[in-house]
Amino acid sequence: MKMAMNKLLKIVPKPLHPRSQFTPLTESPSFIPSTPIPTLSLAKTSHHQLHEFLKAHLTPSFTPRDLLIFLKHKLHYHPKFAHFDLHIFAWASTIDSFRHDHSTYEWMVKTLAITDRLDDLHSLLQGMVSNPCPCSDGIFSCPRSEPIFRFALNAFCRVGRLDDAEIAFESMRRMIDGKPSVAMYNILINGYAKCREHEKAMNVYQKMTKDRVKPDVFTFNSLISSCCRNSLFGLALEMFKEMKDKGCSPDVVSFNTLIKGSFRERKFEEGIGMAYEMLELGYEFSNVTCEILVDGLCREGRVLEACDLLIDFLEKGALPNGFNYLLLIEALCGEENVHRALEVVNQLWRKGNAPSSISCTTLIEGLRRFGKTEEAFQLMEKMLREGILPDSVTCNCLLQDLCEVGRTSEANELRLLASTKGLDSDGMTFNILVTGYSREGKRKEGKRLLDEMLDLGFIHDLASYNRYMNGLSAF
């Protein structure tokens, strides 16, 4: 076993440098470095094959454009060599006649960020600071420096590597002309906000104002969200006021964040008041606004208040089209108030706010549970006529309820209506209806369904057919 492992170690070459370090190669004899090429998999990648691959696609006097084309179109999709991209990028920097420009830096930064090689990304950015783009040789910096660092900053903040993000931000400040854009500050502020680092988010904001970079609505939305995440609702209101004092108009996200924060602090009247303030200021509700209000009230058992609020928004023409009021229907059915749930659905439906399929089926299940078969039947018929299809289980359960109360013919008509709208009947559907006709002694109608079952392949043998026929003859 030990000898086998030794042989394996001889086959797999050692990495050129640790994963977290980005250091260019120190050797470049002839054209391809003689140092061992690292492998990140168990595949036996031949050094000679990589050598030949590079020789076939790069000439000794290649330019940054040539290297970019090679990395993007040749290496990136190669099944064996794609993971050597950073190695080849580092090797290229050791060529005396070659110098990376912003195009190769940008490609490599984006590739490392997308593939989550963030240790290497951090090192690459430091290398970029030490060896900047040739565009920076004059009195002005490279115009692509900030976009390159912006992509890296987003990658670091996305996974919570805020120390690396801070270092990248400071490195970028030293490289660019003038001050960073507001977008760069926003990325860092939002990163700290999502990680509940409120003080650091505020420090970046203070640095931003000190640099006389004008904050925008995204800046304040991130800060307001940070305050609400850390149960600082009073400070969130102060930030909202400062936002308006600085001439920055809030948007629907600003109000949504404050409403959600107020509900989290159990300040429901303040949250509802903000919703009405939105309407007074001419803002339109989003689906998220209504979801926050309805869900927040329902969670506290104030379901009827949520109903009244939704109906009031409907009367004011503020309820957004396509709003899914499933949460409200579930809450009403959970409180055994299916009558009020049906009223709300019908009232909203009449005003053009049709319910979703799952909202309808939830209400139908609630009506069935409390024995309101007629109301469930009417709702199912209405939704089918409007082209809203239920799931087959809900449909079959309602058909069985109708059959049990002697309404098999109406159940069959409902099945036919569903079929015309695209809801195909299954074997269980026919079984329920045939059993219903058997119970009512309607042998002729049951025989017609049996023939249809036979044509559709739901009856697989003569014994099954005879069993159904015996059931019809028994009554």
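The following exercises, with worked solutions, concern a predicted model.

**Exercise 1.** Determine which helices line the largest pocket and which of them gives the most.

*Solution.* Begin with the space itself: the largest pocket holds about 430 Å³. Its lining consists of 19 residues, of which Asn256, Lys260, Gly261, Arg264 and Ile292 are the closest to the centre. Next, assign the lining to helices. At least two lining residues come from each of helix 11 (217–229), helix 13 (252–264) and helix 15 (287–299). Helix 13 gives the most, with 7 residues. Finally, sort the lining by class: 8 residues are charged, 6 are nonpolar and 5 are polar.

**Exercise 2.** Compare the span of helix 6 with its expected value, and state what covers its buried residues.

*Solution.* Helix 6 comprises residues 118–130, which is 13 residues. At 1.5 Å a residue, the helix should span 18 Å; the end C-alpha atoms lie 19 Å apart, which agrees. The buried residues of helix 6 are Leu118, Asp120, Leu121, Ser123, Leu124, Leu125, Gly127 and Met128. Their cover includes helix 4 (85–92), helix 5 (102–114), helix 7 (145–158) and helix 8 (162–175).

**Exercise 3.** Explain why Cys133 and Cys135 do not form a disulfide, and decide whether Cys133 and Cys248 are buried or exposed.

*Solution.* A disulfide is a covalent bond between the sulfur atoms of two cysteines. The cut-off for such a pair is 2.5 Å. The cysteine sulfur closest to that of Cys133 belongs to Cys135, at 3.4 Å, and is therefore too far for a bond. The search of the whole structure likewise finds 0 disulfides. For burial, the limit is under 20% relative accessible area. Cys133, at 2%, is buried; Cys248, at 11%, also counts as buried.

Conventions
Residues numbered from 1 in each chain as written. Predicted model: local features only at pLDDT ≥ 70, side-chain atom pairs only at ≥ 80, totals over all residues. Heavy atoms only, no water. 1 Å grid on protein atoms, 1.4 Å probe; cavity = no way out; pocket = protein on both sides within 12 Å on 5 of 7 lines; lining within 4 Å. Points joined across faces, edges and corners; volume = space filled by probe spheres on them. Helix = DSSP H or I, 4+ residues; strand = E, 2+ residues; numbered from the N terminus. Nonpolar A, V, L, I, M, F, W, Y, C, P; charged D, E, K, R; others polar. Expected span 1.5 Å × (residues − 1). Buried < 20%, exposed > 50% of the residue type's maximum accessible area, 1.4 Å probe, protein only. Contact = heavy atoms within 4.5 Å.
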